[in-house]
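Grab a coffee and work through these exercises with the model open beside you. Each one sets a task and then walks through the solution.

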Amino acid sequence: MPPVSVPQDAEAYEERHVHQVYAQIASHFSSTRYKPWPIVERFLQELPSGSIGLDVGCGNGKYLAVNPDIFILASDRFAYSHLIVCLDAELDPSSESLVEIASQRQPHASVVADNLLLPHPDASFDFAISIAVVHHMSTRGRRVQAIAAVLETLRSQTDAGHRQPGDGPRAGRALVYVWALEQKSSRRGWDEGDEQDVMVPWVMKSASPDLGSDQSRTFNRYYHLYRQGELEDDIAEAGGKIVMSGYEKDNWWAIAVRPGKDEQAR
C-alpha cells in the first residue's frame, strides 16, 4: 500500500479515488459490511427514546436498525442515477449504490448528500455518527470542514438549555470514527512513522462466467491514516468539544459536542 501525493485539486482527486471507486464496488462492499462495531452500537443504544439524528456517510445503512426507538436520517455521497453522467463507462447500471441499499432499511430515511454540503438545518439534531468517512478527505482543511459540518447540525449546549426536562440529551453528540495509523498488530502493519496518505486496495472477483473464476479487479481507495491525537485536534479545530475518545480495532474514535455560544466566547 504505497504512499500517495495529493494534488492541489482535492475535490477532483477524491472524486476519482474515493467516490468513483465506491460507486463500482458498492454491492460487493455492502456484502462485507453487516456487523455493527461495538462502540457505535453502544452509542446508538444508549440514546434516549425518540432521539432524532444523522448517519453521515451511511454506506449500506447497517447502523439504522441498531436502536428501534430512535430515528436516523442517513446520507451518502451519491445515488447511482447521479453517477451515470460523470463516471466512466465501466460502471454496471444494474449495481445498487450504497444509498439505494440503505434506503431499504425502513422506517428510517436516506438522502443523497455531500458531507461538506449537508442539507440539514443547523442545531436541530440530538446526535450524529460519522463512521469511516472523514479519513477519505484528502486535505486537513477538508477533514476539518467535514467534521464541522456534522457538528453544526447538533443542538448545542445553549440550544439544549431551552428544552424541558425529560426531552432527551441536553446537547447533541457526534461520534466520529477514522482509520488509525497505529495498526502494528493488524494484517496491514502500519505504525507510527509510516506515511499517512495511502491507497488501500479493494479486490473484487468477477462474477462473469465469460471471464473465468480467476479473474479479479483491484480498486485503490484513498485514505488518510490518523495518528494518535490527530482526530481530537481536528475536532477542536472544527469547533467541537471532546466528551470522550479512544481506540478500537485499528480505529481512532471520539464523541464530541458543539459548545454553546457562552462557552465558545471563553
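**Exercise 1. Find the buried residues of helix 2 and work out where they point.**

Step 1: Helix 2 covers residues 38-45, and its buried residues are I39, V40, F43 and L44. Buried here means under 20% relative accessible area, exposed means over 50%, and partly exposed is in between (1.4 Å probe, protein chains only). Helices (H or I, at least four residues) and strands (E, at least two) are DSSP runs, numbered from the N terminus.

Step 2: Look down the axis. These residues cover an arc of only 135°, so they sit on the same side of helix 2; the arc is that of the directions from the helix axis to the C-beta atoms.

Step 3: See what they pack against: strand 2, strand 4, strand 5, strand 8 and strand 9. Contact means heavy atoms within 4.5 Å.

**Before you go on: ground rules.** This is a predicted model, so local features need pLDDT of at least 70 and side-chain atom pairs count only at pLDDT 80 or more, while totals for chains, interfaces and linings use all residues. Residues are numbered from 1 along each chain as its sequence is written, and side-chain values use heavy atoms, with hydrogens and water left out.

**Exercise 2. Trace the open sheet and find its edges.**

Step 1: Put the seven strands in order: 3-2-1-4-5-9-8, with mixed pairing. Two strands pair if DSSP finds at least two bridges between them.

Step 2: Check the ends. Strand 3 and strand 8 (241-248) each have a single partner strand, so one side of each has no neighbour in the sheet. From one strand to the next, the twist averages 15°. Axes are lines fitted to C-alpha atoms, for helices over the stretch in contact, and angles run from 0 to 180 degrees between N-to-C directions.

Step 3: Zoom in on one pair. Strand 1 (residues 52-56) runs parallel to strand 2 (residues 71-76), with five bridges, and I52 stands opposite F71.

**Exercise 3. Take three salt bridges and say which parts each one ties together.**

Step 1: Count first: the structure holds four salt bridges. The term means a side-chain nitrogen of Lys or Arg within 4 Å of a carboxyl oxygen of Asp or Glu.

Step 2: E14 meets R142 at 2.7 Å, N to O. E14 is in helix 1 (residues 10-31) and R142 in helix 5 (residues 140-152), so the pair links parts 128 residues apart in sequence. Both residues are buried.

Step 3: R155 pairs with D126, with the closest N and O atoms 3.2 Å apart. R155 lies in the loop between helix 5 and helix 6 (157-160), and D126 in the loop between strand 3 (109-112) and strand 4 (127-131), so this pair ties together parts 29 residues apart in sequence. R155 is partly exposed at 24% relative accessibility, whereas D126 is buried at 6%.

Step 4: R140 and D234 come to 2.7 Å between their closest N and O atoms. With R140 in helix 5 and D234 in helix 7 (residues 230-237), the pair ties together parts 94 residues apart in sequence. R140 is partly exposed at 39%; D234 is buried at 0%.

**Exercise 4. Decide where to read the model with care.**

Step 1: Start with the average pLDDT, which is 81, with 73% of the residues scoring at least 70. pLDDT is the predictor's confidence in each residue, from 0 to 100.

Step 2: Now find the weak stretch: pLDDT stays under 50 over residues 79-96. Where pLDDT is low, the predicted coordinates should not be read in detail.
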